[in-house]
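Colleague: May I ask how the labels in your description are justified? I should like each value set against its definition.

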Amino acid sequence: MAVEIQHFTVSIPAGTPINAPVTTAITIPVRIVRQVDWRVPNGPVGLMGWRLTMGKVKVLPIGDDWVVANSESGTWHVDDLPDSGAWQVTGYNTGTHPHSVYIALHCDLVIRPPRLPALPGPGMWKSAVGAGR
């Protein structure tokens, strides 16, 4: 079970063409994302598509280019995704009304191994040897 759940609502403006999509940052702290829940309410009827990106590079969905949904929700159980926290939603909306996608990122803390102390440099050995004279 994830330690945190980060919630986002991203609105994709009307008249956003598929060849010039809008990108919205949904930045989180450095975390391991374990699960992504998403929901698109009733309304877009095939005129809006979205995807999760980092640096405008598609991360999810795997396979399909865009999530095109209307009154639908889904869950992706994921492993080995980047943990920088620099998430984005990129989307288009060729309709005449703005539409939203709701995202929940289920996250765990990143546990890094402790840093080892630095090894003594050459200067330290000389001073230690000279000190013993």
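Modeller: Let us begin with Val3, whose relative accessible area is 58%.

Colleague: Why is Val3 called exposed?

Modeller: Exposed means over 50% relative accessible area, buried under 20%, and partly exposed in between (1.4 Å probe, protein chains only). With its 58%, Val3 is therefore exposed. I should add that this is a predicted model, in which local features need pLDDT of at least 70 and side-chain atom pairs count only at pLDDT 80 or more, while totals for chains, interfaces and linings use all residues. Residues are numbered from 1 along each chain as its sequence is written, and side-chain values use heavy atoms, with hydrogens and water left out.

Colleague: How many helices and strands are there in the protein chain?

Modeller: The protein chain has one helix and eight strands, these being DSSP runs numbered from the N terminus (helices: H or I, at least four residues; strands: E, at least two). In sequence order the pattern is β-β-β-β-β-β-β-β-α. Val3 lies in the segment before strand E1 (4-12). Of the 133 residues, 35% count as buried.

Colleague: What makes E4 and E5 a pair of strands?

Modeller: Two strands pair if DSSP finds at least two bridges between them. Three bridges join E4 to E5, which run antiparallel, so the condition is met. One of the bridge partners in E5 is Val57, which faces Met54. The two strands form a hairpin with two residues between them, and Gly55 in the turn has a positive phi of about 60°.

Colleague: What is unusual about the phi of Val45?

Modeller: Most residues other than glycine have a negative phi, and most peptide bonds are trans. Val45 has a positive phi of about 35° although it is not a glycine. Val45 lies in the loop between strand E3 (31-40) and strand E4 (48-54), and its relative accessible area of 57% makes it exposed. Asp80, likewise not a glycine, has a positive phi of about 60°. Asp80 is in the loop between E6 and strand E7 (88-93) and, at 82%, counts as exposed.

Colleague: Which peptide bond is cis?

Modeller: The bond from Leu60 to Pro61 is cis, with omega near 10°. Pro61 lies in the loop between strand E5 (57-60) and strand E6 (72-77).

Colleague: How many aromatic pairs are there, and why is the pair of Trp38 and Trp50 called edge-to-face?

Modeller: The count is four aromatic pairs. The ring centres of Trp38 and Trp50 are 5.7 Å apart and their planes stand at 65°, so the pair is edge-to-face. The rule is that rings of Phe, Tyr and Trp (its six-membered ring) pair if their centres lie within 6.5 Å, with planes under 30 degrees apart called stacked, over 60 edge-to-face and the rest tilted. Trp38 is buried at 10%, and Trp50 is buried at 0%. A second edge-to-face pair is Trp66 and Tyr92, since their centres are 5.0 Å apart and their planes at 85°. This pair links distant parts of the chain, Trp66 being in the loop between E5 and E6 and Tyr92 in strand E7, 26 residues apart.

Colleague: How do you know that Glu4 and Arg31 meet in a salt bridge?

Modeller: A salt bridge is a side-chain nitrogen of Lys or Arg within 4 Å of a carboxyl oxygen of Asp or Glu. For Glu4 and Arg31 the N to O distance is 2.8 Å, so the pair qualifies. Glu4 lies in strand E1 and Arg31 in strand E3, so parts 27 residues apart in sequence are tied together. Glu4, at 22%, is partly exposed, whereas Arg31, at 15%, is buried. Another salt bridge joins Asp108 and Arg34, whose closest N and O atoms are 2.8 Å apart. Asp108 belongs to strand E8 (residues 99-109) and Arg34 to strand E3, so this pair ties together parts 74 residues apart in sequence. In all, three salt bridges are counted.

Colleague: To return to Val3, which residues form a nonpolar patch with Val3?

Modeller: Val3 forms the patch with Leu109 and Ile111, and together they have about 330 Å² of accessible area (Shrake-Rupley method, 1.4 Å probe; for residues, only the protein chains shown count as cover). Patch residues have over 30% relative accessible area and no salt bridge, like charges being joined within 9 Å and nonpolar side chains (Val, Leu, Ile, Met, Phe, Trp, Tyr) within 5 Å. Val3, at 58%, therefore passes the area condition.
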